[in-house]
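I am opening a new notebook page for this chain. My plan is to look up a few things and write down each one.

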Amino acid sequence: MALTLYVDTARWRAHQQSVAEQFPGIVPVCKGNGYGFGHERLADEATRLGSDMLAVGTTYEAARIKDWFGGDLLVLTPYRLGEEPVPLPDRAIRSVSSVEGVRGLVGARVVIEVMSSMKRHGVAEDDLVKLHAAIDDVRLEGFAIHLPLDRTDGSDAVEEVFGWMERLRAARLPLHTMFVSHLKSHELGQLQQQFPQTKFRARIGTRMWLGDHEATEYRGAVLDVTRIAKGERYGYRQQKASDDGHLIVVAGGTSHGVGLEAPKALHGLMPRAKGVARAGLATVNRNLSPFVWAGKQRWFAEPPHMQVSILFLPNDVAPPAVGDELVAHLRHTTTQFDRVLDR
């Protein structure tokens, strides 16, 4: 009995192909848990797409993926002086976000990140003069800019990239390649028209692998179904059942990422109100599970265990049978499945 990721392979791959066609020169991103699919699977998919480069999160990921992908490996986490050395092949390209970082990678292949409105990391405009001398000692693969997802101030993504291109050109820095993130295809086209001598390469992960929500589905198998009466005690903490019903034991617990959730940015009054309501219910041990039965997400009977979750199903709902599977609304980037089935 397992937590299974089902993949409509033909549909999933058709979406990948569509994204690749919209972004010529695309650099697929494979980082973290491989967007829920695993590094080896995404390395195979990138190879199938004919990608010459795959972006990974860290040097440790690059060391693992190098045996599964034969093209260049772009490490997105910037190099830092004094970091633990990880043996990598020459086809590995390091991101750098400071002049000092460039100077510390003599002879290496590098992509230099500039400071965007994300304010996360990157070379500042004031350092471009110093950068001009430092790049002579590295093999410069291009510059990069990582843009925000939302622009609540009404600013324009194309204008931000355009501004940096002009600064780099004014500093007489080479503009043969620019790596970008979080641009729409028509925005990339606008930039390509304005800078025809520059090759723009979009680094894309979420849109590539998770853009078609109907192509994948998580399901947890039902392991046990136990009838329970109001007032009966159950579970690790021996709580009392609030009503008659059934306890449903389903595959999928904390080791799979069930019950683990990254904070969300809430916009608008209604999402904020729902967030407050959920927080209030949690204080009385009422937490909604990601598992769906009979058209509704069902409540956890208690916090999920390591490999299973226990759900409470009210008495007026017919329970599933052992061996049935419950659809689970899980976040791909925090979920570890037991198995994947292509269909």
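**Entry 1, residues 9–159.** I looked up the make-up of residues 9–159 in this predicted model. Over that stretch the chain is 30% helix and 19% strand. I also checked its ends: their C-alpha atoms lie 38 Å apart. I chose this range from UniProt, where an unreviewed entry gives residues 9–159 the feature "domain: Alanine racemase N-terminal".

**Entry 2, His-182.** Next I went through backbone angles. His-182 is not a glycine, yet its phi is positive, about 65°. I located His-182 in the loop that runs between β8 (177–181) and α7 (185–194). Is His-182 buried or exposed? Neither label fits: its relative accessible area is 34%, so I logged His-182 as partly exposed.

**Entry 3, Ala-294.** I noted a positive phi here too, about 55°, and Ala-294 is not a glycine. Where does Ala-294 sit? I found it in the loop between β14 (288–293) and β15 (296–300). I logged Ala-294 as exposed because its relative accessibility is 55%, and the cut-off for exposed is over 50%.

**Entry 4, charge on the surface.** I then looked for charged patches. Which residues gather in a patch of negative charge on the surface? I listed Glu-232, Asp-243, Asp-244 and Asp-316. I followed up on one of them, Asp-243. It lies in the loop between β12 (239–240) and β13 (245–251). Its relative accessible area is 43%, so I wrote Asp-243 down as partly exposed. That value also passes the patch cut-off, which asks for over 30%.

Conventions. Residues are numbered from 1 along each chain as its sequence is written. This is a predicted model: local features need pLDDT of at least 70, side-chain atom pairs count only at pLDDT 80 or more; totals for chains, interfaces and linings use all residues. Side-chain values use heavy atoms; hydrogens and water are left out. Patches are made of residues with over 30% relative accessible area and no salt bridge: like charges are joined within 9 Å, nonpolar side chains (Val, Leu, Ile, Met, Phe, Trp, Tyr) within 5 Å. Accessible areas come from the Shrake-Rupley method with a 1.4 Å probe; for residues, only the protein chains shown count as cover. A salt bridge is a side-chain nitrogen of Lys or Arg within 4 Å of a carboxyl oxygen of Asp or Glu. Lys and Arg count as positive and Asp and Glu as negative; His and the chain ends are not counted. The place of a charge is taken as NZ of Lys, CZ of Arg, CG of Asp or CD of Glu. Helices (H or I, at least four residues) and strands (E, at least two) are DSSP runs, numbered from the N terminus. Buried means under 20% relative accessible area, exposed over 50%, partly exposed in between (1.4 Å probe, protein chains only). UniProt positions are given in the numbering used here, feature names are shortened, and annotations may be inferred rather than shown by experiment.
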